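Visitor: I would like a close look at one part of this model, with its surroundings. Please start from a single residue and work outwards.

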Amino acid sequence: MTSHIAVAEGAPGPTLVLDADRLPGDRDRLSAALGRMRLSLEDAGYGPILKFALVRPSPLPGYDLDYRFVQGLARDPRKFAFDSGCGHSLLAAAATGTAEGPLRVRVLNTGEEAVCERARDGTHTLHLLPGAELPLPRLLPTGRATDALITDEGVLLGSAVRFGNPYLFVDAADLGLHGARALFEAGSAALARLERLRAAARVVLGLPAGSLLPKVAVVSAGRQGRLAARSLTEPGWHPAFALTGLACLAVASAIEGTVPHRLARSAGCGTDSVLVDTPSGTVPIDLETAVAAGGRFRRLRRVGIGGRRVRVLRTDPRLPWRVHATA
């Protein structure tokens with residue numbers, strides 16, 4: 001399989017798409033191989049590449065592709081995180097394939113399913129599916145719509161929701177950020193406070209110290225019928241908004257009692273679609289749910305985000321040079 005460097009619209013950086021069958025299986029040897037690749041690509045003038053998509057044809061009936069995402073850490077080219085997903089990298093991997101029609105993908109990191117579709121105009125749509133229809137409250141990892149987060153600044157309420165990735169959603173107003181402009185212009189002070197809130201959320205969720213999870217997003221009621229939101233990435237503020245984060249935000253806005261649900265209702269957002277203003281523009285998100293016969297809660301079927309363009313920056317069977325091997 002040929003390797004590719006591709007970047008999806010809105011991504012903080014390009015993705016290196018690799019054949020998983022040509023890479024080591026255990027994490028230590030894989031990290032060493034990916035670290036050599038990072039350094040080789042930087043020496044070749046590609047700049048830092050922090051996103052890696054490991055793909056292979058899926059052995060399971062009904063799937064076209066198995067996909068695993070690896071996140072490089074900006075502070076150390078030898079360090080990687082293996083426990084999160086990335087929608088931008090998934091689209092980058094899907095766009096470099098040759099399959100016609102919808103591509104059904106098994107997301108190995110997080111257990112969801114995805115369907116990637118390419119339109120006639122060249123844009124791509126990402127559909128994320130839970131694998132089995134789940135009652136929306138099942139996506140609250142603590143079983144609560146809001147949790148108290150304790151830091152040196154005091155107590156702040158946030159909502160932890162898990163779909164694609166676990167996310168912590170906080171109200172921008174609770175950080176003193178009122179309106180989309182204040183949110184999008186917030187700098188390092190707000191960023192540092194969000195990292196402290198992430199640390200507090202790890203305690204609540206039982207996650208290890210230093211993990212990149214949960215992902216963190218700040219949400220505000222925007223213009224009529226819209227939310228405004230901004231998220232963190234590795235490292236710092238995301239230049240747009242993570243696609244997995246947008247999907248999780250749409251799901252959270254449909255779960256009664258969460259921070260996004262309260263803000264969506266106050267902004268007059270719909271229940272089957274959400275418009276989100278991000279630092280790079282407005283993104284429409286489709287949300288498909290259903291109520292089972294006699295069911296108390298809506299069940300999640302699908303979240304869709306369309307209109308994404310992908311640029312393939314380089315395609316080369318020898319890429320990355322000297323280091324794309326299992327040895």
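Guide: Let's start at Ser 220, which has Ala 172, Gly 179, Leu 227, Ala 228 and Leu 263 as contacts once its neighbours within four places in sequence are set aside; contact means heavy atoms within 4.5 Å. Before going on, please keep in mind that this is a predicted model, in which local features need pLDDT of at least 70 and side-chain atom pairs count only at pLDDT 80 or more, while totals for chains, interfaces and linings use all residues. Residues are numbered from 1 along each chain as its sequence is written, and side-chain values use heavy atoms, with hydrogens and water left out.

Ser 220 sits in strand E13, a name from DSSP runs numbered from the N terminus (helices H or I, at least four residues; strands E, at least two). Its relative accessibility is 8%, so Ser 220 counts as buried, meaning under 20% relative accessible area with a 1.4 Å probe and protein chains only.

Val 218 belongs to E13 too. With a relative accessibility of 0%, Val 218 is classed as buried because of that value. Beyond four places in sequence, Val 218 touches Val 170, Asp 171, Ala 172, Leu 175, Leu 183, Leu 194, Ala 228, Ala 229 and Arg 230. Ala 172 and Ala 228 therefore turn up in the contacts of both Val 218 and Ser 220. For a sense of distance, take Arg 106: it lies 112 residues from Val 218 along the chain, and their C-alpha atoms are 29 Å apart.

Step back along the chain and you reach the loop between H4 and E13, where Pro 214 lies. Leu 213 and Pro 214 are joined by a cis peptide bond, with omega at about 0 degrees. Most peptide bonds are trans, and most residues other than glycine have a negative phi. Gly 206, just after H4, has a positive phi of about 75 degrees.

That brings us to helix H4 itself, residues 188–205. Its 18 residues at 1.5 Å a residue should span 26 Å, and the end C-alpha atoms are 25 Å apart, which agrees; the expected span is 1.5 Å times one less than the number of residues. The buried residues of H4 are Ala 190, Leu 191, Leu 194, Leu 197, Arg 198, Ala 200, Ala 201 and Arg 202. Among the elements covering them are strands E10 (147–151), E11 (154–163), E12 and E13 (215–221), so our starting strand is part of that cover.

Now for the packing as a whole. A nonpolar core is a set of buried Ala, Val, Leu, Ile, Met, Phe, Trp, Tyr and Cys residues joined through side-chain atoms within 4.5 Å. The largest one has 59 residues, and Tyr 67, Val 161, Phe 169, Val 251 and Val 303 touch the most other members. Helix H5 gives the most to this core, with eight residues. Another core, of 20 residues, lies apart from it and includes Ala 172, Leu 175, Leu 191 and Trp 237. Two of those names, Ala 172 and Leu 175, were among the contacts of Val 218, and Leu 191 was among the buried residues of H4.

H5 deserves a word too: eleven of its eleven residues are buried, so the helix is largely enclosed by the rest of the structure. They include Leu 243, Thr 244, Gly 245 and Leu 246.

Finally, the empty space. A cavity is a set of points on a 1 Å grid over the protein atoms alone where a 1.4 Å probe fits but cannot get out, and lining residues have an atom within 4 Å of a point. Three cavities of 30 Å³ or more are found in the whole structure. The largest has a volume of about 110 Å³, the space filled by probe spheres set on the points, which are joined across faces, edges and corners. It is lined by 17 residues, with Lys 51, Gly 85, Cys 86, Lys 215 and Ala 242 nearest its centre. Strand E4 (65–72), helix H2 (87–95), strand E12 (165–171) and helix H5 (243–253) each give two or more residues to that lining. The second largest cavity has a volume of about 80 Å³, and its lining includes Tyr 67, Gly 85, Cys 86 and Thr 244.

Note on methods. On a 1 Å grid over the protein atoms alone, a cavity is a set of points where a 1.4 Å probe fits but cannot get out, and a pocket is an open set with protein on both sides within 12 Å along at least five of seven lines; lining residues have an atom within 4 Å of a point. Buried means under 20% relative accessible area, exposed over 50%, partly exposed in between (1.4 Å probe, protein chains only).
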